[in-house]
Amino acid sequence: PAVPPAISSLAIGGRRLRKNIKMPDPVPREGIDEVIKTMESGKLFRYNVASKEESQVSLVEKEFSDFTGHKFAVGLNSCGSAIFLMLKCAGAQHGDKVLTNGFTFTAVPSAIVHAGCDPVYVETTPGYVVDVDDLEKKMDANPDCKYFIVSHMRGKLASMDAIKKLCDARGVELLEDCAHSLGVLWNGGHSGHHGTMAAFSSQSYKMLNSGEGGFFVTDDDYAAARCMAYAGAYEALADKHFCRPCDAALAKVMDGSIPNFSLRMHEGTAAMLRPQIKTIEARRAEYNERYYRISAQLNALPGCSVEDQLPQVTIVGDSVQFNVEADALGPDLDAGADAFLAKCAARGLPVERFGSGSNARNFKNWKYAKAPECGLPVTADIISRAFDVRLPLLFEEEDFEIMVEIIQESLAEVAAGELEVQEQEVAYAR
C-alpha cells in the first residue's frame, strides 16, 4: 500500500484522530448475559456451587486449556498473580535470582520481587525480544540462577527452541510470561509450551478482556496442584475443578504446608471471558490483515522501521511498534522524541515511547528492585527510539489512514527541526 503523500504544511492543519485509541475489545452479548445471570444467582464465589459443571471459573479453565493445548489451567485474579505463582510452584526461595527480559512490563519484575527474589535482566534486540547471546552470558555470570521468566512482550516471541535448549543444558527452569501472546503461535502451536509453566492475561488490552484476570497453565499435575492450593482451593475444593490434578499430586500438596493467598478468579470474570475464547482466531485474522498493511506503510517512512518476527511465529497484530533512527529525531534525541509524541498527541493520537521517563516498560523506572549492574546499554538505546501504538479492533480504515498520516507528518516536522507544537483541541468519539 502507498504511503500517504506528504503535506507541505506538515502537521499544522492536518487531519486529526477523533476516536479513543485506548478502546478495548468489547465483551460479547453472550458474556454480558451470562454475567447478569451469575449476579442474579448471587453465586459469585467459584466454589459456591454443587459441582464443577455449575462453576463458570471451572468451565472457563477447561475451555482455556482446550484452546491453548495445556493439560491444566487455573483461573486467577491477574496475570501478575500467575507469574508470582509460577515462581512459588517452581520452588523459588527468598533471595533467589531470576533471569528475565530487560524490556518488559513492570508487572514481571514486580512479581519476581513479590516472590522475594531478585531479577537479573537480559538485553533485548531491536525486535523487542530477549537477546539469546546475552542470556547465555548472564547464565555464565550467574551460575546460581535457576529460573528464567521469558516475557513475550507485545506478543513477540524470541528464538524459543534455542532458549529451551540453553535452559535445559544449564539446569535453568524456563517459565513463560504470555500476557501478550494469547493466540500467538510457534510453528503452529500456542505459546506457553516451551516452559514448564506459563501465565496468561485477561486485562483489558489483551485478547481476552475482563478488566483484570489471568490464567496459570501447565502440563504438570504437581505444579497445577500447588497453584490451586496457593490460589485458595482448600479442603476438598479441588473436586470442583474440571482441570483436576491426579490424586497423588493433591495428596502431597493439600497437606496444609502451602499458604492460601486467595488469588482466585471471580465467577463474573469467567462468565464474560468464556464467549471471547471462541472469537480469538477470527479476531487474530482481522488484526493481522490490518497490522501487515500498516506496518508496511510505517516501514516506508524515512528513518522508521518495523521489525519482522521470526518465521516460526504467527502473530497477533493488535498493536504496532516501530523504531526511529536517532538522526531522524535530531541532535537532541530526547527533545526530538518528546516533540514527536507531543505532535501526535495534539492531533488525537497517543503514541508511547518505551524509553520515556514515565513508561512502566522502562527498566530505569523499576526502582523497587536492584538496578542492572551493567546498565543494559543495548536495551536503553533501543527503547529510547522505540514507539508503540495500539490498533483497536473497532477502528475503521479511515482511522488507520489518519493514524499513519499523523505519524508521518509529525516525524517529518521533527526531522526538519520544527519541535514546537501547535495545540489542537481533540474531541474523542464515544
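In this predicted model, about 40 Å³ of space lies in the largest cavity, one of two cavities of 30 Å³ or more that the structure holds. The largest pocket, by contrast with these enclosed spaces, has a volume of about 650 Å³. The points below take up the cavities, the pockets, an open sheet of seven strands and the packing of helix H2 with helix H9.

**Cavities**

- The lining of the largest cavity is made up of Asp25, Ser204, Tyr205, Lys206, Met207, Tyr287, Asp318 and Arg390, and by class these residues divide into four charged, three nonpolar and one polar.
- The second largest cavity, with a volume of about 30 Å³, is lined by Arg46, Tyr47, Val74, Gly75, Met228, Ala231, Gly232, Ala233, His241 and Arg264.
- Strand S1 and helix H7 (221-231) are the elements that give two or more residues to the lining of the second largest cavity, whose residues divide into five nonpolar, three polar and two charged.

**Pockets**

- The largest pocket, of about 650 Å³, is lined by 33 residues, of which Arg154, His180, Gln203, Tyr205 and Lys206 are the closest to its centre.
- Two or more residues of the lining of the largest pocket come from each of helix H3 (79-90), helix H4 (107-114) and strand S14 (386-390), and H3 gives the most, with three residues.
- By class, the lining of the largest pocket has twelve nonpolar, eleven polar and ten charged residues.
- The second largest pocket holds about 310 Å³ of space and has a lining of 13 residues, with Pro119, Val120, Asn142, Pro372 and Glu373 lying nearest its centre.
- Strand S3 (118-122) and helix H5 (132-141) are the elements that give two or more residues to the lining of the second largest pocket; S3 gives the most, with four residues.
- Seven nonpolar, one polar and five charged residues make up the lining of the second largest pocket.

**The seven-stranded sheet**

- Seven strands form an open sheet in the order S1-S9-S8-S5-S4-S2-S3, and their pairing is mixed.
- Strand S1 (72-76) and strand S3 stand at the edges of this sheet and have a single partner strand each, so one side of each is left without a neighbour in the sheet.
- On average, and with direction ignored, neighbouring strands of the sheet are turned by 20 degrees against each other.
- Strand S2 (residues 97-101) runs parallel to S3 and is joined to S3 by five bridges, and Asn101 stands opposite Val122 in S3.
- Helix H5, which also contributes to the lining of the second largest pocket, packs on the sheet, where H5 touches S2, S3 and strand S4 (147-151) and has a direction that makes about 140 degrees with that of S3.

**Packing of H2 with H9**

- Helix H2 (residues 56-68) and helix H9 (residues 267-277) pack at an angle of about 35 degrees, their axes being 8 Å apart, and H2 passes H9 in a left-handed crossing.
- From H2, the residues Gln56, Val57, Leu59, Val60, Glu63, Phe64 and Phe67 take part in the contact, and they meet Glu267, Ala270, Ala271, Leu273, Arg274 and Ile277 in H9.
- By class, this contact of H2 with H9 has nine nonpolar, one polar and three charged residues.

Technical notes: Residues numbered from 1 in each chain as written. Predicted model: local features only at pLDDT ≥ 70, side-chain atom pairs only at ≥ 80, totals over all residues. Heavy atoms only, no water. Axes fitted to C-alpha atoms, helices over the stretch in contact; angles between N-to-C directions. Left-handed = near helix turned anticlockwise from the far one by under 90°. Contact = heavy atoms within 4.5 Å. Nonpolar A, V, L, I, M, F, W, Y, C, P; charged D, E, K, R; others polar. 1 Å grid on protein atoms, 1.4 Å probe; cavity = no way out; pocket = protein on both sides within 12 Å on 5 of 7 lines; lining within 4 Å. Points joined across faces, edges and corners; volume = space filled by probe spheres on them. Pairing = 2+ DSSP bridges.
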